[in-house]
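This briefing introduces a protein structure in two parts. Please look first at the pocket and then at the sheet.

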Amino acid sequence: MALPKTRGRAFVISSPSGGGKTTVAARLLRALPRLTRSVSVTTRPMRRGERQGRDYDFVSPAAFHRLRRAGQLLEWARVHGAYYGTPKRPVLQALAGGRDVVLSIDVQGARQVRRALGRRAALIFLLPPSVEHLRRRLVRRRTETPAAIRRRLAAARRELSCAAWYDYTVVNDRLTRAMQDIRAIVSAHGRVVARAGGAASGQERG
Ligand code: ADP
Ligand code: 5GP
């Protein structure tokens, strides 16, 4: 019997700023080398320690809007005063080739990915133990000015209410525990796809 034709899944990880997306996604990619990471384009300035093309593709607003108008973004949003978007082609190519992709994007982007990819996307919301934890983590990360931290915490209160429509919520209290939960979600999705015999039919459940 021929092997079932499999296609990849998109794992969308969202959280308020400081919630741990970058940390969790990096650990997930190290632990599971079969996953690929979507590199977003953004108009925000590069932070110390970031690298062009690795952390983000840093572009001018004009270049961003050219990509958007040309339909080259799977989703895009304005977040904390800058534009962010997911280049469409690398994600669709990975999925078509059977590779799973991790997207660390905000709640507006997650909604658009759900519309574009349906159940092929699994939406995971990382919850901080409390807003006070978020504040402390952002202060400790030392990448944001006090004004930017205030802005991100105000946004966090709005974003947290979106956790309800995600497929999964994971509390990022102890990082090792959160990683166990996320790995379980990723492997459960893999198994369901395999059992559904290709899953392109959309019969698998999220
Ligand atoms: P995001 O990408 O969601 O903005 P980060 O991954 O940059 O968040 O995490 C924000 C800060 O909190 C980083 O300095 C990170 O090392 C730290 N952090 C992440 N998860 C935890 C955790 N479970 N416990 C304590 N600190 C954490
Ligand atoms: P940061 O500037 O801290 O890297 O990210 C700020 C916010 O933008 C985070 O919530 C992050 O998930 C979100 N973000 C990063 N890339 C994208 C993207 O491509 N699309 C959308 N919609 N949000 C993104």
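The largest pocket has a lining of 44 residues, and those nearest its centre are K21, T22, R47, Y56 and R141. The model examined here is predicted. The points below describe this pocket and then the strands and a helix that lies across several of them.

**The largest pocket**

- The space in the largest pocket amounts to about 1,200 Å³.
- Two or more lining residues come from each of helix 1 (21-31), strand 5 (73-79), strand 6 (82-87), strand 7, helix 5 (131-141) and helix 6 (146-160).
- Helix 1 contributes the most to this lining, with 6 residues.
- By residue type, the lining of the largest pocket consists of 17 polar, 16 charged and 11 nonpolar residues.

**The sheet**

- An open sheet is formed by 5 strands in the order 2-7-1-8-9, and their pairing is parallel.
- Strand 2 (36-37) and strand 9 (168-171) are at the edges; each has a single partner strand, so one side of each has no neighbour in the sheet.
- Strand 8 (residues 121-127) runs parallel to strand 9, and 4 bridges join these two strands.
- Within strand 9, V171 is the residue that stands opposite L127.

**A helix across the strands**

- Helix 4 (residues 107-117) lies across strand 1 (10-14), strand 7 (101-104) and strand 8.
- The angle at which helix 4 runs to strand 8 is about 160°.

How values were computed:
Residues numbered from 1 in each chain as written. Chains lettered and ligands numbered in written order. Predicted model: local features only at pLDDT ≥ 70, side-chain atom pairs only at ≥ 80, totals over all residues. Heavy atoms only, no water. Pairing = 2+ DSSP bridges. Helix = DSSP H or I, 4+ residues; strand = E, 2+ residues; numbered from the N terminus. Contact = heavy atoms within 4.5 Å. Axes fitted to C-alpha atoms, helices over the stretch in contact; angles between N-to-C directions. 1 Å grid on protein atoms, 1.4 Å probe; cavity = no way out; pocket = protein on both sides within 12 Å on 5 of 7 lines; lining within 4 Å. Points joined across faces, edges and corners; volume = space filled by probe spheres on them. Nonpolar A, V, L, I, M, F, W, Y, C, P; charged D, E, K, R; others polar.
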